[in-house]
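Trainee: Could you take me through the strands of one chain, step by step? I would like to know which strands pair with which, and what surrounds them.

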Amino acid sequence: MTATTPLGAGRAATPTPRAPRPSIVQIVGEIWESRDLVVQFVLRDLTLRYTQAVMGFAWALLMPILIVGAGMMFRVVLATLANSPLEGSSIASLAAKALPWAFFSGALSQATSSVIGNSNLISKVYFPREVLPLSTVIAQSPDLVVGLVVVASVMPFIDKTGLSWSGLWVIAVLLLLMLFTVGCALFLSCANLFFRDVKYIVQVLLNFGVFATPVFFEPQMLGPKGASIMMVLPLSPFIQAMDVALVHGHSLAETIVVASRKGDVVVWAPWMLAYAAGWSLFLIITGIYVFRSGSSRFAEMA
Amino acid sequence: MTTKQPSLVFEGVWKRFRKGQLHDSLRDLIPATFRRMTGREPKRPADDRYFWAVRDLSFDVKPGDVLGIIGGNGAGKSTTLKILNRIMEPSAGIVKVNGTIGALIEVSAGFHPDLTGRQNIFLQGAIMGMRKAEVMRKFDEIVDFSGIPEFIDTPVKRYSSGMNARLGFAIAAHLEPDILIIDEVLSVGDARFQQKAFARIKQMASAGAPVVLVSHQLDRISELCTKAILLERGEVRATGSPLNCINAYLHGMSGRGQGTGEPSVEFQRVLASDGQVVRSGEEVTITVAGTASLDNPPPGWVPALCVVDQRTGRNVHSISGLQRDIPLPVEGEFEYEIVLQMNVPPGTYHVMPFVWDSLKRQDIMTGPRLQIEVLERSPFYGDVQMNSRWRAIKLGARTSVSPDTKRQTA
């Protein structure tokens, strides 16, 4: 059997032309063309999740409630140790911050397995593979909306500040969070197909993440240095912004400084929003490229 | 709408796969990488690590073309289809696709068992690239074609496998792609549905769009295709007219172990002494002659003969000297006479002598083919001519008299 192999070792490789890689505009265009497929996948996920779970609507609130519960326990311990009372606003803060966290961790752990979970489709039918992580993330968003409505309607009763127009910032923050999550999901779902243990690593990191980001903490608890380290984590601004805009009613264009025992802590600054937006764009663009270059080998790996 | 005509072009397409085990987890990869870096595991040469599933494949399909791809198992048909369908990328070469591709492959791959038939139609339709509006417009037609309207709101997990496949095919059959790719989906459902499915495929294939068809059923290829490619171990063995390729394929089944000059049994002549045209159910006499030059008779080797149906490529009959106590000639000239009763439907058959290794259960050397035409005798349907004889014992008080039931003397 002697066939010339264009990529074989030893032989002078004949320059074999290959189709050029599609640009990001082409890829996004292709995904847009498949929007009906995204809708169908989202509907499939939602139908299965809500018709099978007896609790239905309450299911959407279960994760945030668990996170708030865990945060409460954590804060009660901290408050007891520090001999300071637990304020009503911190419960509202916990609830508001639990929402983006529940969305992010839920979406990411689902989306990491989204490609491998559809390996029978990957090896049999062509469609833009980006649709899989994308629709998995989108399918998590109704939970976020339900949670947001519940938190917004309960908040005036547990917190004196109440809602203000600044709450509308939340929409921008959550849209950016969506982009950020899809970006991460593209990387991880692709990686998990090549390395099947990525999903376990993701799970461990997500368990840590709740302490590394300001879900349970207020930044001022960590002092100036600790707070800035925490806010460097790309996910932190999203979580902190929920507290600032929704619970405390500040505009995200303001800089908010809170005094702590170790000095003044910048709890929020406009650059944080820009920083989060920058990360979101960076992740989504590189994510699309990396995913697309990996997806040419999906069918062989699946 | 594309302004250019839909077309599909393969230019020197190669595809290789990695052999052996893949590291598909970090737990395996990290130690393996470390071993390679420290030189404890020698890097294997590329030829050892890869094999080529498709080698230098070129063809083009234009409107009005129906290209058939044939070949045995492992010839590269499925890989070619996957490259065509953009599921895989070629390792080298260019695939130019102008227009949307619709594939009648794995027609129910996207079904979710917990969703109803109705929900799955929308899901599978979207997976195959249909717009929602399109699915809605064709929904009634799809349900009607599937023939299971009463179960459309039942979860698919309660469907029989036949129902599942029928619904899947019904969806795929309503695609309107610029280019159509068909794998052997014909083996779907019961005989009646298969006929319906084939009629539909025929209709889609003759609509003028470029079509690529992969099938083991050679009669389908010869019936539908305008041109064909014969693949063997990833390489093109023959191209051109479907009949040419089918002949080359059937001949290829006989090509092994010849002309090497090694000690062998060489079949020089295969003749039908009373002519190559018979009627179904009649006998044909085959003479096989040749020379043998084997040093010592290998154990288990026996002379044998097979009959292959050109339409389907199926081996309809094989017989060896083992059953007839005919030994294998070892030295010098030999000649056999074999009488076959052609109890087969009308068609073209190929008779082929070969040497059979009854211990390893494989054919060793094969001879030239002889084509036998079988003509119709008394019409019948099915695979075997049984030369039936009917006699009426009792026919009731009245019998129907219609042109179809005119009594025929068998």
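Mentor: Happily! Two strands pair if DSSP finds at least two bridges between them. Strands (E, at least two residues) and helices (H or I, at least four) are DSSP runs, numbered from the N terminus. This is a predicted model, in which local features need pLDDT of at least 70, side-chain atom pairs count only at 80 or more, and totals for chains, interfaces and linings use all residues. Residues are numbered from 1 along each chain as its sequence is written, while chains are lettered from A and ligands numbered from 1 in the order written.

Let's begin with the sheet of chain B that holds β1. Three strands of chain B make an open sheet here, in the order β2-β1-β4, and their pairing is antiparallel. On its two edges you find β2 (50-61) and β4 (92-98) of chain B, each of which pairs on one side only. From one strand to the next, the twist averages 20° (axes are lines fitted to C-alpha atoms, for helices over the stretch in contact, and angles run from 0 to 180 degrees between N-to-C directions).

Now look at one pair inside that sheet. Strand β1 of chain B covers residues 7-18 and is joined to β2(B) by 8 bridges, again in the antiparallel sense. For a landmark on screen, pick B:F17 and look straight across to B:F51 in β2(B), which stands opposite. A helix belongs to this picture as well: α3 of chain B (residues 77-84) lies across β1, β2 and β4 of chain B. Relative to β2(B), helix α3 of chain B runs at about 60°.

Next comes a set of parallel pairings in chain B. Strand β6 of chain B, residues 179-182, is a good place to stand, with partners to visit in turn. Strand β5 of chain B (residues 101-104) runs parallel to β6(B), and 4 bridges join the two. In this pair B:I101 sits opposite B:I179 of β6(B). Strand β7 of chain B (residues 211-214) also runs parallel to β6(B), this time with 3 bridges. Here B:I182 faces B:L213 in β7(B) as its opposite number.

What about the faces of β6 in chain B? Both are covered: B:I179 and B:I181 are buried on one side, and B:L180 and B:I182 are buried on the other. Buried means that 20 or more other C-beta atoms, placed from the backbone, lie within 10 Å of a residue's own; 12 or fewer would make it exposed, and in between is partly exposed. So two residues you have just met, B:I179 and B:I182, belong to opposite faces because they are listed on different sides of β6(B).

Further along chain B there is a hairpin. Strand β8 of chain B (residues 227-232) and strand β9 of chain B (residues 235-240) pair in the antiparallel sense, with 5 bridges. Try finding B:I229 on your screen: its bridge partner in β9(B) is B:T239. The hairpin has 2 residues between the strands, and B:R233 in the turn has a positive phi of about 45°.

Finally, chain B has a neighbour. In all, 42 residues of chain B are in contact with 31 residues of chain A, where contact means that two C-beta atoms, placed from the backbone, lie within 7 Å. On the chain A side, α2 (35-52), α5 (119-122) and α12 (298-301) each supply at least two of the touching residues. The largest share there comes from α2(A), with 6 residues.
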